[in-house]
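The following account leads the reader through one protein model. It proceeds from definitions and overall composition to individual elements and residues.

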Amino acid sequence: MDEKKIKALEDKFNTNFHDYYWFKCTIEELRMFTLLNQPEREVDNGYVIIHGDYIEILKESVFFERNMGSRKLYFKNITSINRNKRGLFHLSDAVMINTKSSERAIELVYVKEEDFNMLVEAFDK
């Protein structure tokens, strides 16, 4: 990605992309909707930045590409990071992040092999 686009991302999310490993993906969060006791799926585009002891998930709206907020997941609160092949011919790679809090599961979709490996390496440290 060129410097101009990276600078635009840094301005949009008010964070530094240059000093950390990061990648773009689709973020799906599944949580229980309390009123109807039904699962609710939230899908956004986003970026994942790998820091020393946590990952930062920056969400961007699918249609308007606006900043939809961020979330920090500390490695000490993550129980597992698993790879999941999705789709009819398993062409869509996804990463499932399970946390100690069972209320929400996070799935990162369209994650390249090298990005998955960097995420697992940081988690294992």
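A residue is called buried when its relative accessible area is under 20%, exposed when that area is over 50%, and partly exposed in between (1.4 Å probe, protein chains only). The structure is a predicted model, in which local features need pLDDT of at least 70 and side-chain atom pairs count only at pLDDT 80 or more, while totals for chains, interfaces and linings use all residues. Residues are numbered from 1 along each chain as its sequence is written, and side-chain values use heavy atoms, with hydrogens and water left out.

The protein contains two helices and seven strands; these are DSSP runs numbered from the N terminus, with helices being H or I of at least four residues and strands E of at least two. Read from the N terminus, the order of elements is α-β-β-β-β-β-β-β-α. Of the 125 residues in the protein, 39% are buried. The exposed surface of the protein is about 8,000 Å², of which carbon and sulfur atoms supply 51%; accessible areas come from the Shrake-Rupley method with a 1.4 Å probe, and for residues only the protein chains shown count as cover. Contact means heavy atoms within 4.5 Å. Among the contacts in the protein with a separation of 6 or more, 40% are made by residues 24 or more positions apart.

Helix α1 spans residues 3-13, and its buried residues are I6, L9, E10 and F13. Viewed down the axis of α1, these buried residues fall within an arc of 100°, so they line one face of the helix. The arc is that of the directions from the helix axis to the C-beta atoms. On the other side of α1, K4 and D11 are exposed.

Just after α1 comes N14, which lies in the loop between α1 and β1 (21-33). Although N14 is not a glycine, its phi is positive, at about 55°. N14 is exposed, with a relative accessible area of 73%. A second such residue is found in the loop between β7 (104-109) and α2 (113-124), where Y110 is placed. Y110 is not a glycine either, yet it has a positive phi of about 65°. Its relative accessibility of 55% makes Y110 exposed.

Attention now turns to a pair of strands. Strand β3 (residues 54-60) and strand β4 (residues 67-74) are joined in the antiparallel sense over six bridges; two strands pair if DSSP finds at least two bridges between them. I55 has L73 in β4 as its bridge partner. Six residues separate the strands in the hairpin of β3 and β4, and there E65 takes a positive phi near 50°.

Which residues does L58 of strand β3 contact, leaving aside its neighbours within four places in sequence? They are F13, T15, F17, I27, N45, G46, Y47, I49, G69 and S70. L58 is buried, at 1% relative accessibility. The C-alpha atoms of L58 and G46 are separated by 5.4 Å, with the two residues 12 apart along the chain.

K59 also has its place in strand β3. In a regular strand the side chains alternate between the two faces of the sheet. K59 is buried, with a relative accessible area of 10%. Not counting residues up to four places away in sequence, K59 touches F13, I27, E29, E42, D44, N45, G46, R66, N67, M68 and G69. F13, a buried residue of α1, is thus among the contacts of L58 and of K59.
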